[in-house]
Amino acid sequence: MTTALITHADCLDHVNPEGHPERVARLEHILHALEPLDLLRVGAPMAAEDDILRIHPAAYLADLRKARPNEGFGQIDGDTFLSPGSLDAAFRAAGAVIRGVDMVLGGEAQNAFAAIRPPGHHAETDTAMGFCLFGNAALAAKHALDHHGLSRVAVVDFDVHHGNGTQDLLWDEKRALLITSQQMPLWPGSGRVDEDGAYENILNIPLPPESGGAEMRAAYQGQVFPRLRDFKPELIIISAGFDAHQDDPLANLNWSTQDFAWITQQLCILADEMCDGRIVSTLEGGYDLNALSAACKAHVEELIEASK
Ligand SMILES: [Zn+2]
């Protein structure tokens, strides 16, 4: 079939202050790297307010709207800002993952990649943090479960930081399995193995600083893939952060571009075995522009290869 690339120019209108690592150029570099690839290119719709309210309370949305400035920046915390275009960008980001789920479950695409910002996996039920406003990966899982009626959805988060927001949003969702690997210790500090969800539906994989692809592959082969096989998901959602790359300035893991290709290829093989290859991947972190665009391109190339 085909791999869908879902994005929108509004995602370039979410602007952070000068010097902030989560910058517009990240998405520009990714889109440039993906230009030559054979992809089904789809414009991200805005998520409906009801979609957002599936995971965040109305008061949270109201607070974000209040924090959005007409010019300059609104500040949520030391890391998390809103510019005038941020909410439209966030609604497009959420809309992109929802469209990805609809396309993959509807047979319009084998798999999909949402090239979006702001990212999502740090946004908790009622707390925006870590550059994230809406919990995009959790939203994709809930949409697949509640709207499409699936029984089992897995989320795999390989961003170098703990997916604390996705963990919070899916903590008591027994139809979802969240597996998240992260450098530990590292911000935000959560992600210990004993954080395992209300129904043992969360698997945290801490990785030590300075560890590389060999340690990652051992952890994924030893823990992540067997757990996925046991769970038998009907859809796999990937929180694709590329900041475990050895060149990333925000963390200290030493994965190579080839490691991101490997992890994607393995997840595609598992998806083929268990759920007709259905994967929806969404962009999270990654802050060295060259490493980010190369690793992201390698990720999408594996999705394309698996879709043939
Ligand atoms: Zn990250």
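**Exercises on a predicted zinc-bound model**

In sequence, the residues that donate to the zinc ion follow the spacing D-x1-H-x81-D. The model is predicted.

**Exercise 1. Find the zinc donors and place them in the fold.**

Step 1. List the donor atoms. Asp159 gives two OD atoms, His161 gives ND1 and Asp243 gives an OD atom. These protein donors lie 2.0 to 2.8 Å from the zinc ion.

Step 2. Locate the two aspartates. Asp159 sits in the loop between strand E6 (153–157) and helix H6 (164–170). Asp243 sits in the loop between strand E9 (235–240) and helix H8 (257–275). The pair therefore ties together parts that are 84 residues apart in sequence.

Step 3. Check burial. Asp159 is buried, and so is Asp243.

**Exercise 2. Decide whether the zinc site is tetrahedral or irregular.**

Step 1. Take the angles among the four donor atoms. They run from 52 to 155 degrees.

Step 2. Apply the cut-off. Four donors count as tetrahedral if all angles lie between 85 and 135 degrees.

Step 3. Conclude. The site of the zinc ion is irregular.

**Exercise 3. Describe how strands E1 and E2 are paired and connected.**

Step 1. Name the strands. E1 covers residues 3–7 and E2 covers residues 40–43.

Step 2. Give the sense. The two strands pair in the parallel sense, over four bridges. In one of these, Thr7 has Gly43 in E2 as its bridge partner.

Step 3. Follow the chain. From E1 the chain passes through helix H1 (residues 24–34) to E2. This β-α-β crossover is right-handed.

**Exercise 4. Count the disulfides, and explain why Cys11 and Cys268 form none.**

Step 1. Set the cut-off. A disulfide needs two cysteine sulfur atoms within 2.5 Å.

Step 2. Test Cys11. The closest cysteine sulfur belongs to Cys132, 13 Å away, so this is too far for a bond. Cys11 is buried, with a relative accessible area of 0%.

Step 3. Test Cys268. The closest cysteine sulfur is in Cys275, at 9.9 Å, which is also too far for a bond. Cys268 counts as buried too, at 6% relative accessibility.

Step 4. Count. The chain has zero disulfides.

**Exercise 5. Compare the radius of gyration of the chain with that of a compact globule.**

Step 1. Take the expected value. For 308 residues, a compact globule would have a radius of gyration near 19 Å.

Step 2. Compare. The chain has 17 Å, which agrees.

Step 3. Add the wider picture. The C-alpha atoms fill a box of roughly 50 × 45 × 40 Å along the principal axes. The chain holds nine helices and 10 strands. Of its 308 residues, 60% count as buried.

Conventions:
Residues numbered from 1 in each chain as written. Predicted model: local features only at pLDDT ≥ 70, side-chain atom pairs only at ≥ 80, totals over all residues. Heavy atoms only, no water. Donors = N, O, S within 2.8 Å, 3.2 Å for Na, K, Ca; no water. Tetrahedral: all angles 85-135°; square planar, octahedral: opposite > 155°, others 65-115°. Buried < 20%, exposed > 50% of the residue type's maximum accessible area, 1.4 Å probe, protein only. Pairing = 2+ DSSP bridges. Right-handed = clockwise from strand over helix to strand, strands pointing away. Rg over C-alpha atoms; globule rule 2.2 N^0.38 Å.
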